[in-house]
Amino acid sequence: MDKYTSTYDCTVKEIDGVKHFFVAFTDVNFCYHVIEVRKEIYTEFQEFKRIEKKQQNYFDRHIEHATLLDEKLHHKSTQLSILTENEVIKKMFNDELYSAIDNLPEPIRKRAILYFEYELTYKQIAEIENRSISSIRDSIDLAKLKITKALKIYFD
């Protein structure tokens with residue numbers, strides 16, 4: 001899976017016991033902005049981010065890129081004709097892995113992606129989300145458990 005880069009970032013900070021929702025972005029003049037938004041707007045941005053990532057994954061997996069030359073197309077067509085059973089199993093595994101991640105609850109999915117995909121530490125994630133390190137660790141452990149359970153057929 002290609003690294004996904006969004007044009008904006010969404011964060012939640014708790015200030016005096018009240019949750020505040022923020023969207024951060026860089027405009028066309030390369031000025032960085034952080035704006036506080038209502039929870040509904042924040043939720044929509046999170047949904048947009050999920051949809052964008054899903055579309056990018058679909059594009060990366062299924063859409064032929066127009067820049068391929070004839071030689072590369074020929075090479076690709078001969079490679080496709082010699083797929084092995086292991087490659088098919090690997091593709092099925094990856095599809096089920098992405099599905100298992102998509103089915104995680106939002107906070108757990110976000111933390112798992114920050115930990116596994118962006119390689120942030122528990123401490124870094126805890127600082128971003130204004131949570132305890134143990135809370136983040138518990139979420140990551142739960143994500144590992146749920147993903148492992150969803151992929152159990154590959155480990156038996």
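Contact here means heavy atoms within 4.5 Å of each other. With that in hand, a good place to start in this predicted model is Lys110, a residue of helix H4. Leaving aside residues up to four places away in sequence, Lys110 touches Cys10, Tyr42, Gln46 and Glu129. The relative accessible area of Lys110 is 17%, and since buried means under 20%, this lysine counts as buried.

One of those partners, Glu129, leads on to helix H5, which runs over residues 122–129. Glu129 is among the buried residues of H5, together with Tyr122, Ile125 and Ala126. These residues span an arc of only 100° around the helix axis, so they end up on the same side of H5. Flip to the face turned away from that buried side, and the exposed residues Lys123 and Glu127 turn up there. As for what sits on top of the buried residues of H5, the cover includes strand E1 (8–15), helix H4 (106–117) and helix H6 (133–150). Just past the end of H5, Asn130 takes a positive phi of about 55°.

Next come the aromatic rings. Searching the whole structure turns up four aromatic pairs. One of them joins Phe45 and Phe48, with 6.4 Å from centre to centre and 80° between the planes, which makes the pair edge-to-face. Both of these phenylalanines belong to helix H1 (residues 39–62), where they are three residues apart, or about one turn of the helix. Neither ring-bearing residue is buried: Phe45 is partly exposed at a relative accessible area of 25%, and Phe48 is also partly exposed, at 44%. The rings of Tyr115 and Tyr122 are arranged another way: their centres are 5.1 Å apart and their planes meet at 10°, so this pair is stacked. Tyr122 is one of the buried residues of H5, whereas Tyr115 has 24% relative accessibility and counts as partly exposed. Phe116 joins in as well, with ring pairs linking Tyr115, Phe116 and Tyr122 into a cluster.

Finally, one more ring has a charge for company. The charged end of Lys13 sits over the ring of Phe22, at 5.8 Å from the ring centre.

Conventions. Residues numbered from 1 in each chain as written. Predicted model: local features only at pLDDT ≥ 70, side-chain atom pairs only at ≥ 80, totals over all residues. Heavy atoms only, no water. Buried < 20%, exposed > 50% of the residue type's maximum accessible area, 1.4 Å probe, protein only. Helix = DSSP H or I, 4+ residues; strand = E, 2+ residues; numbered from the N terminus. Arc of directions from axis to C-beta. Phe/Tyr/Trp six-rings, centres within 6.5 Å; stacked < 30°, edge-to-face > 60°. Lys NZ or Arg CZ within 6 Å of the ring centre and 35° of its normal.
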